[in-house]
Amino acid sequence: MPKVERVSSVDILRGIVMATMIFVNCSYFNAPWWSLHYKSGGDGITYVDLVFPGFLFLAGVAIPLAFERYEKNWRGRGLNLFHVIYRAATLMIMGVLYVNMSPDVEKMGLTYRWWLIIPLLLIFMVWHQYRGEKRWGHWVSNIIKLCGVAGLIWYFSYYETPWGSGLQASWWGILGLIGRSYLIASLLYMIIGRRTELLMFAVLMMTLIHIVSFGGGLNEWWYLGFGAPVSIFWGQGSVTMLGVVCGAKLLEAQKEGDREQRHRDLLRFFIFFALLSFICGEVLHKIYGIHKDSTFPAYVYTSVGYTMLVWIMVYLISDVKGINNAVTRFFLQVGSVPLTAYVMSSLVNKLLSEIPLFGKTVFHWLFKSLGPWAADLGWPMWIAQWLGALQTVFFVIVVCLICIGLKRAKIFLKI
């Protein structure tokens, strides 16, 4: 089986994206407009809008690196296809569990928040991995998985909405959207391979479908979008495919013997790729405008351009300069277990929000209290905002440290 070198900057960048995602999902007291999604119907984006496409892009970068671990024979390709379909289906199932927000609390019992906590616990039970050396640990892990599967079957059969329906997908959730984009990008890569020119041609074709369907009749052809608007499906898929192009280039560069030459070639490619993305984004912006809603064409390329800029800086720090300190190790560890971090952030939030303390909840006192307290004392609003932001950063650090601790115990989520 081929040995693929792990690129530190990819994990570090993924860790930065995950930490930012946890931060913006938690929000903070009286957050200004630039720390929220850009207003609906407007023309623009904020850094908050760049988080999701950043994760889509990195999912694409990982595809060529992961595929290289399989042998180039019919058995290896068959295993690859199985894993692609399994991962995509699993992410979509997780997405459905995440977005069912309307349980019939009176009929099913428990509180509304517990019906959000239960699927998160089941996700962790079913898809956790234990890679330790203790035999009893593997036995316990397998029992937990079996209990989780039984719990999922119960949850799907028992869940009911106030209007009498069972578990349904109002939309596929963030994880489901990632699963769909991962599926189309993986299948295209399996067909095309590492040929960068053909991968770019595939991106061009996807972009054309995206543009033609954007706001047009083609957008209603649901079978071209896996049940979603065509422009959204192919726009998000384009972000992932752009990541695939960069992942293929990384893989190609690993075969170069001279380390310095490899870094020079990759940096030239990354800079060119970022500039081209910004140019495409600006041209499309002038024609269609830009916003995250409905996945505007300009949003695809502009978000990739900004992601590339951050990646270039991280690549220079970690891979070229070889800087290895507490900060880079922190993000690298978080970036190596992104699914654990995503699920754990919601789980910690919901669990602590269910524990009452002095008329509020534990979550409020730990992570949401300082901003409102400062505002009630009449302090300037910018101080209240900063205190709220710092408390949310504290939440991010706590969640990330839990994930790092679980990883050191050889426990993490993996599909």
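This dialogue goes through helix packing, salt bridges, backbone angles and a surface patch in one predicted model.

Reader: What should be known about the model before reading it?

Author: The model is predicted, so local features need pLDDT of at least 70 and side-chain atom pairs count only at pLDDT 80 or more, while totals for chains, interfaces and linings use all residues. Residues are numbered from 1 along each chain as its sequence is written, and side-chain values use heavy atoms, with hydrogens and water left out.

Reader: How are two packed helices described?

Author: The description consists of the angle between the two axes and the distance between them. Axes are lines fitted to C-alpha atoms, for helices over the stretch in contact, and angles run from 0 to 180 degrees between N-to-C directions. Helices (H or I, at least four residues) and strands (E, at least two) are DSSP runs, numbered from the N terminus. Here, helix α2 (residues 51-67) packs with helix α7 (residues 173-192) at an angle of about 35°, and their axes are 10 Å apart.

Reader: What is the handedness of the crossing of α2 and α7, and which residues of the two helices meet?

Author: A crossing is left-handed if the near helix is turned anticlockwise from the far one by less than a right angle, and right-handed if clockwise. The α2 and α7 crossing is right-handed. With contact taken as heavy atoms within 4.5 Å, the α2 residues include Phe52, Phe55 and Phe67, and those of α7 include Ile174, Tyr182 and Met190.

Reader: At what angle do α5 and α13 cross?

Author: Helix α5 (residues 114-127) and helix α13 (residues 338-352) cross at roughly 145°, and their axes come within 10 Å. This crossing of α5 and α13 is left-handed. Among the residues in contact are Trp114, Leu120 and Phe124 of α5, and Thr340, Met344 and Leu351 of α13.

Reader: How many salt bridges does a search of the whole structure find?

Author: A salt bridge is a side-chain nitrogen of Lys or Arg within 4 Å of a carboxyl oxygen of Asp or Glu. The search finds 7. One of them joins Asp11 and Arg14, with the closest N and O atoms 2.6 Å apart. Both residues lie in helix α1, 3 residues apart, about one turn of the helix.

Reader: Are Asp11 and Arg14 buried or exposed?

Author: Buried means under 20% relative accessible area, exposed over 50%, and partly exposed in between (1.4 Å probe, protein chains only). Asp11 is buried because its relative accessibility is 4%, and Arg14 is buried at 10%.

Reader: Which residue forms a salt bridge with Glu354?

Author: Arg113 does, with the closest N and O atoms 3.6 Å apart. Glu354 lies in the loop between α13 and β2 (356-357) and Arg113 in the loop between α4 (105-108) and α5, so the pair ties together parts 241 residues apart in sequence. Glu354 is partly exposed at 23% relative accessibility, as is Arg113 at 32%.

Reader: What is the usual sign of phi?

Author: Most residues other than glycine have a negative phi. In this model, Ser27 has a positive phi near 60°, and Lys410 has a positive phi near 70°. Ser27 is in the loop between α1 (8-26) and α2, whereas Lys410 is in the loop between α16 (381-408) and β4 (411-413).

Reader: Which residue of helix α10 (residues 259-288) counts as exposed at 52% relative accessibility?

Author: Leu275 lies in that helix and counts as exposed because its relative accessibility is 52%.
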